[in-house]
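Got the viewer open? Let's walk from the contact between the chains into the sheet on the other side.

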Amino acid sequence: MLLTVCTIAQLPDALTLGASFGQHHPGQVFVIGLADDPARLPAEFRCPYPLLTATDCVSDVPTLSSRYTPTEFTAATKPVFVRAALDRFTDEPHLLYADPETFIYQPLTPVLDRLQTATVLLTPHITRPPNDGHWPDEKALQNVGLYSAGFLAFRRGAETDRLLAWWQDRVRERAFIDPCAGLCLDQLWLMHWLTFFEGVRVIKDPGWQLALWNLPERRLTQTPAGWLANGLPLLWANFRGLSNPDAGLFREQTRLRLTNRPDVRQLLTAYRTVRLTHEQDGLASIRPSFGLRPEPVILRGWRKVAATAARRLTRFIDQAPLPVFH
Amino acid sequence: MPLAFTICSVNYLAQARTLGDSLRQTNPDWQFVIGLVDRLDGERALPQSLYPAYPMLEVDKIGIPDFARMCARYDITELNTAVKPFFIDYFYETQPDLDAVIYFDPDIIVFQPLTRLSESLRTHSLVLTPHCCSPNPDWLLPNDQTHLNTGIFNLGFIGLRHDNDARQFVRWWKGRLVDECRNDLCAGLFVDQFWVNYAPIYVENVLIEKHVGYNVAYWNLHERFFSQRDDGTWLVNGTDELQFFHYSGYGVDKPAQVSKYQTRYTFQDRPDAWPLFDLYRQRLLDNGNETYRQYPCAYIKPPVVPRYVRVRKVLKEPFNRLIATLESSNGV
C-alpha cells in the first residue's frame, strides 16, 4: 500500500503519483491523506482513490491548526495518516509513504524485498560530504534532519506500532520549523529512529528517492529499459522543490543548477507533462484551510540581497570591537 | 592491542588518573595515554608528586596544522573537543601496528574487561553509543528534543578500528573541526559531537552499540537501573554487566547533585545510582582532585564581555526594521 499526505492544492501532484503507482502496481492500494478541509473540495471533484481526511483522523484539528503553518500542520498529521491507513487496510503487510510530488518509474519490489528483514527504511539526504561551499551544507542539513521524511517504508508489526505512537506524540506539539530549538517538522524526529527502534535501515541506493538534494551526486541516463541513476534503475523521484521552486526546505539551494543538467531538465519536463494531465480546474488555487499561522515569506531578487546585507550589518554591529573609555 | 586515551587540562588530571586506574585494573594490557590540552613547560611544570603514572601528550606536540588559529577561535570547551580527531590520527600515524583507538572522556571509569568492545572493533570500523536507546519519559532535561540539535551519539566515547574507513572518517571529522567545532545550535553546530550524526551515513560499517552497560550517564538513567551481584559486580537492569559509567556534569563539590546538566532525578529518586557516584567521589579525592583543580589552563582566554550593548542596539534598529518589513511583505 502507498500513502501520500497533501492539501487540496497538491491533489494534482497526488493524482499523478497515484497513476504512476498504479501503472507498476495495478490493483494495489493507493491512499491519500488529506491534511485539509474536505468541505472545500470542488463539488465536481471525484477522488479515484480512498481518501482519509484530517477531520476524520486527527483529533482536535482546531488546536493543531492554530498552532502551525500549513506546512507544519501537514507534517504533524503524517504519522496520524500512516496509523489510520494501517488501521483501515488491515490486510496490507506494508505501508510506503511518499510525498505527493513523487513519481514512480519502476515496480517498488526492491523496497518490499528490503522490508522482509527490516522494520522501517530511511533514505539520507546526502550520502557523502559535499565539500563544495554550496548550500545546504552539512550543518544546514543537520538543522532539517539527515534523513528525508519524503519517503518512508514500514512493515506492519509491533515495532512499527511503537514507533508510530512515539512519532505521532512528538509531532503533535513539536513539528515547528525552529532550528535553534532543534525542531524541523516531522522530519528531524527521524534522527532518533535508528537508536530508539529495532530494524531501522538506511538505504543509499542511487535509484531510490532521486530528489533536489541528492541530484548533484547522481547522474541520470536514459536507456530503452528506463532511466538509470548512477547506472542503477531509477525506481522513483521526488520532485519537491523542482516542480515548484517555492516548495520544500531547500528553496535557497545553490548546488543543483538546471542549466548544467540536461538529464534533470528532461526528466522534469516529462514529469510536468504528465502532471498537467492530472490538473483539474481550480484545485491548485484552493488555499489550505488548516495551519492558521502564516508561512514565512520567501525572499527573492533585490529583497533577498537587501535582507542578507542588513543581517550582515547587524552582525557586524554586534561584534565590532569598540574602544573602552573609563 | 588497542590504545585508550582521554583529553583534558591539568585541572582535570584527577579524573584522567581515576579513568587510567580503572582501565589498568580491568584491562591491564591496554595502553592508556592522557592527551593534555595544557602546557607543562617552564613555570607550568608540575611538581613530581602530581605527575600521573600514565604518559601525557601535550596538544602542541602532535603537529596540528594551524593550532594557533584554533586556540584563537575557540573557547576552552570547544578547543578540548576540537582536538579529539587530531589525537586519534596522531596515534594512527605514530603507532601503525595499533588495531584500534578508543576515546573516553576523563570523567568516565571502566568497570569490566572490555572484551565485547574489542570483539566489536574486530568487525566494525566505528563503535558509537547513543545518548538513549529508548524515548525519554517526559520533557524535563535532557529529553528527546535535546539531542536533536546536540547529537544523537555521545562523544564522551568512540571506538575506532585502525582501517581505511575509520581513517577516512577521522580525516573528514578533522576537516570540520578546524573551523566549525563551535557551540552554535542555531547554525547547526555543537562542538565535535553533532558532526558524528553523519557517521552511520558516511561510514559503511558502524556499530550503534545499544548494550545498556555502555556509557551509562545522566542522559540514560531513565532506561537503566543498577544493582550489584554478591561478588560486587555492578549490573544494569538486573542482567547486563556495567561496562563504563560517565559522570558527566557531576562535581565533588556538589555530591548531592546527579549532574549540573539534568533536572529529572535526585539521588532520593534514584538510590540505586548513589553508590556508583559515591565511589567515584572518593576516588577523585584520593587522586588529588582538590589540588589539580587549582591549576588554570594555559589555553584559557578571558571571557568576552559585550560592551556598549545599548548603543549597538540603537544602531541595529533601522536594519532590523528593514528586515522585518521585507519579510512581512509578500513581494510584488
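Start by colouring by chain: 38 residues of chain A are in contact with 38 residues of chain B (contact means C-beta atoms, placed from the backbone, within 7 Å). This is a predicted model, where local features need pLDDT of at least 70 and side-chain atom pairs count only at pLDDT 80 or more, while totals for chains, interfaces and linings use all residues. For your selections, residues are numbered from 1 along each chain as its sequence is written, chains are lettered from A and ligands numbered from 1 in the order in which they are written.

Now select 301-319 of chain A. That is helix H10(A), which gives nine residues, the largest share of the side of chain A that touches chain B. (Helices are DSSP runs of H or I, at least four residues, strands are runs of E, at least two, and both are numbered from the N terminus.) Other elements giving two or more residues there include helix H6 (138-144) and helix H7 (158-173) of chain A.

Next, hop to chain B and show the strands. You'll find an open sheet of seven, ordered E3-E2-E1-E4-E7-E6-E10, with mixed pairing (strands pair if DSSP finds at least two bridges between them). Select 56-58 and 206-208 of chain B for the edge strands, E3 and E10, each pairing on one side only.

Zoom in on 2-8 and 31-36 of chain B: strands E1 and E2 run parallel over six bridges. Which residue in E2(B) is the bridge partner of Ile7(B)? Pick Gly35(B).

Last stop: 84-94 of chain B, helix H4, lies across E1, E2, E4 and E7 of chain B.

Notes. Contact = placed C-beta atoms within 7 Å. Axes fitted to C-alpha atoms, helices over the stretch in contact; angles between N-to-C directions.
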